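The following paragraphs lead the reader through a protein structure, step by step. Please keep the sequence and the three-dimensional view at hand while reading.

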Amino acid sequence: MRTVRLAPSILTADFARLAEAVQEAEGGGADLLHLDVMDGRFVPNITFGHAVVEALRKVTSLPFDIHLMVSEPERQVGFYTEAAETVNVHIEATDHINRTLDLIRKGGAEAGVCLNPGTPLAAIEESLPEVDQVMVMTINPGWGGQTLMPAQLEKVARLRALLDEGGHGARIEIDGGVKVENAATCAAAGADVLVCGSSVYNDRSSVAENLASLRAALAAGS
Ligand code: DX5
Ligand code: ZN
């Protein structure tokens with residue numbers, strides 16, 4: 001069974017105390033930190049940009065998994081490559097995906113491509129050799145706390161087969177609605193990385209307790 005990494009998203013954390021929120025994830029055993037950049041155009045919501053990412057870079061050693069929900073990401077990827085392990089861009093947001101992926105890699109980060117729920121796998125098939133990670137959105141992007149769309153897990157399984165058959169080493173990341181109840185199913189579908197937003201940052205339990213519950217669910221399902 002492949003090792004699944006957990007990437008808490010700070011989208012539902014308290015934005016007035018982001019540094020502590022990030023450190024809670026690190027102390028709780030997170031593998032990565034998922035940072036959702038939204039521009040109010042590609043998605044209606046606006047979150048934060050590279051100034052906040054750079055400030056957070058100074059308070060944690062967790063690798064950063066940056067999710068750019070912005071139009072024309074090729075104009076912005078250069079702001080993020082130094083801070084990030086992976087910079088992820090949406091296939092729907094750029095006219096020249098291969099050039100954008102190349103820009104990310106030349107900047108020294110790994111390149112990820114994201115698919116909205118309505119986007120078929122065929123849209124990225126030709127770019128797979130240029131890709132280090134494929135992010136399958138299991139919600140319509142824009143907000144945390146939504147419900148995972150089960151049909152998208154079939155897309156994940158088809159992507160897993162496509163990558164394995166083609167000998168591509170790209171990771172699969174699932175973003176949206178990952179919870180204790182479905183984490184093992186997400187892993188079984190073929191995910192390598194699970195983004196967990198409201199299942200980690202919520203009022204019910206601490207960040208560390210929530211991460212432990214997700215790990216236990218993964219271990220029980222494997
Ligand atoms: C939404 C973001 C997600 C979000 C996930 O557009 O891309 O990363 O934080 O939040 P949950 O896990 O609550 O669905
Ligand atoms: Zn995200």
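**Strand 7 and its surroundings**

Val 134 has Ile 172, in strand 7, as its bridge partner. The model in which this pairing appears is a predicted one. Strand 6 and strand 7 run parallel and are joined by 5 bridges.

How many of the residues of strand 7 are buried? The count is 5 of the 5 residues, so strand 7 is largely enclosed by the rest of the structure. In a regular strand, side chains alternate between the two faces of the sheet. Here both faces are covered: Arg 171, Glu 173 and Asp 175 are buried on one side, and Ile 172 and Ile 174 are buried on the other.

Two residues of this strand lead on to further features. Arg 171 is buried because its relative accessible area, 16%, falls under the 20% limit. The side chain of Arg 171 meets that of Glu 110 in a salt bridge, with 2.8 Å from N to O. This pair links distant parts of the chain, since Arg 171 belongs to strand 7 (residues 171-175) and Glu 110 to strand 5 (residues 110-115), 61 residues apart. Glu 110 is partly exposed, at 29% relative accessibility.

Asp 175 is the second such residue, and it is buried at 8% relative accessibility. Asp 175 (OD) is one of the protein donors of the zinc ion (ligand 2); the others are His 34 (NE2), Asp 36 (OD) and His 67 (ND1), and these donors lie 2.0 to 2.2 Å from the ion. Along the chain, the donors follow the spacing H-x1-D-x30-H-x107-D. His 67 lies in strand 3 (residues 64-69) and Asp 175 in strand 7, so this pair ties together parts that are 108 residues apart in sequence. His 67 is buried, with a relative accessible area of 0%.

What is the geometry of the zinc site? The site is octahedral, with 6 donor atoms and angles of 72 to 170 degrees among them. For six octahedral donors, the ideal angles at a metal are 90 or 180 degrees.

**Salt bridges across the chain**

Side chains of opposite charge can pair when their charged atoms come close. The count of salt bridges in this model comes to 9. One of them joins Arg 215 to Asp 31, with the closest N and O atoms 3.0 Å apart. The two residues come from distant parts of the chain: Arg 215 is in helix 7 (residues 207-221), whereas Asp 31 is in the loop between helix 1 (18-27) and strand 2 (33-38), 184 residues apart. Arg 215 is partly exposed at 30% relative accessibility, and Asp 31 is partly exposed with a relative accessible area of 24%.

Arg 105 forms a salt bridge with Asp 132, and the closest N and O atoms of this pair are 3.0 Å apart. Arg 105 lies in helix 3 (residues 97-106), while Asp 132 lies in the loop between helix 4 (122-125) and strand 6 (133-137), so the pair ties together parts that are 27 residues apart in sequence. Arg 105 is partly exposed, with a relative accessible area of 33%. In addition, Arg 160, Asp 164 and Asp 192 are linked in a network of salt bridges.

**Buried residues and cysteines**

Leu 32 is placed in the loop between helix 1 and strand 2. Is Leu 32 buried or exposed? At 1% relative accessibility, Leu 32 counts as buried. Apart from neighbours within four places in sequence, Leu 32 is in contact with several residues, including Arg 5, Leu 6, Leu 62, Glu 85 and Val 193.

Gln 152, in helix 5 (residues 151-166), is likewise buried, with a relative accessible area of 9%. Leaving aside neighbours within four places in sequence, Gln 152 is in contact with Pro 117, Val 136, Met 137 and Thr 138.

A disulfide is a covalent bond between the sulfur atoms of two cysteines. The model has 0 disulfides. Cys 114 is in no disulfide, and the nearest cysteine sulfur, that of Cys 186, is 16 Å away. Why is Cys 196 without a bond to Cys 186? The sulfur of Cys 196 is 10.0 Å from that of Cys 186, the closest cysteine sulfur, which is too far for a bond. Cys 114 is buried at 0% relative accessibility, and Cys 196 is buried with a relative accessible area of 0%.

Key: Residues are numbered from 1 along each chain as its sequence is written. Chains are lettered from A and ligands numbered from 1 in the order in which they are written. This is a predicted model: local features need pLDDT of at least 70, side-chain atom pairs count only at pLDDT 80 or more; totals for chains, interfaces and linings use all residues. Side-chain values use heavy atoms; hydrogens and water are left out. Helices (H or I, at least four residues) and strands (E, at least two) are DSSP runs, numbered from the N terminus. Buried means under 20% relative accessible area, exposed over 50%, partly exposed in between (1.4 Å probe, protein chains only). Contact means heavy atoms within 4.5 Å. A salt bridge is a side-chain nitrogen of Lys or Arg within 4 Å of a carboxyl oxygen of Asp or Glu. A disulfide is a pair of cysteine sulfur atoms within 2.5 Å. Donors are N, O and S atoms within 2.8 Å of the metal (3.2 Å for Na, K and Ca); water is not among the atoms, so sites may look incomplete. Four donors count as tetrahedral if all angles lie between 85 and 135 degrees; four count as square planar and six as octahedral if opposite donors are over 155 degrees apart and all others between 65 and 115; anything else is irregular. Two strands pair if DSSP finds at least two bridges between them.
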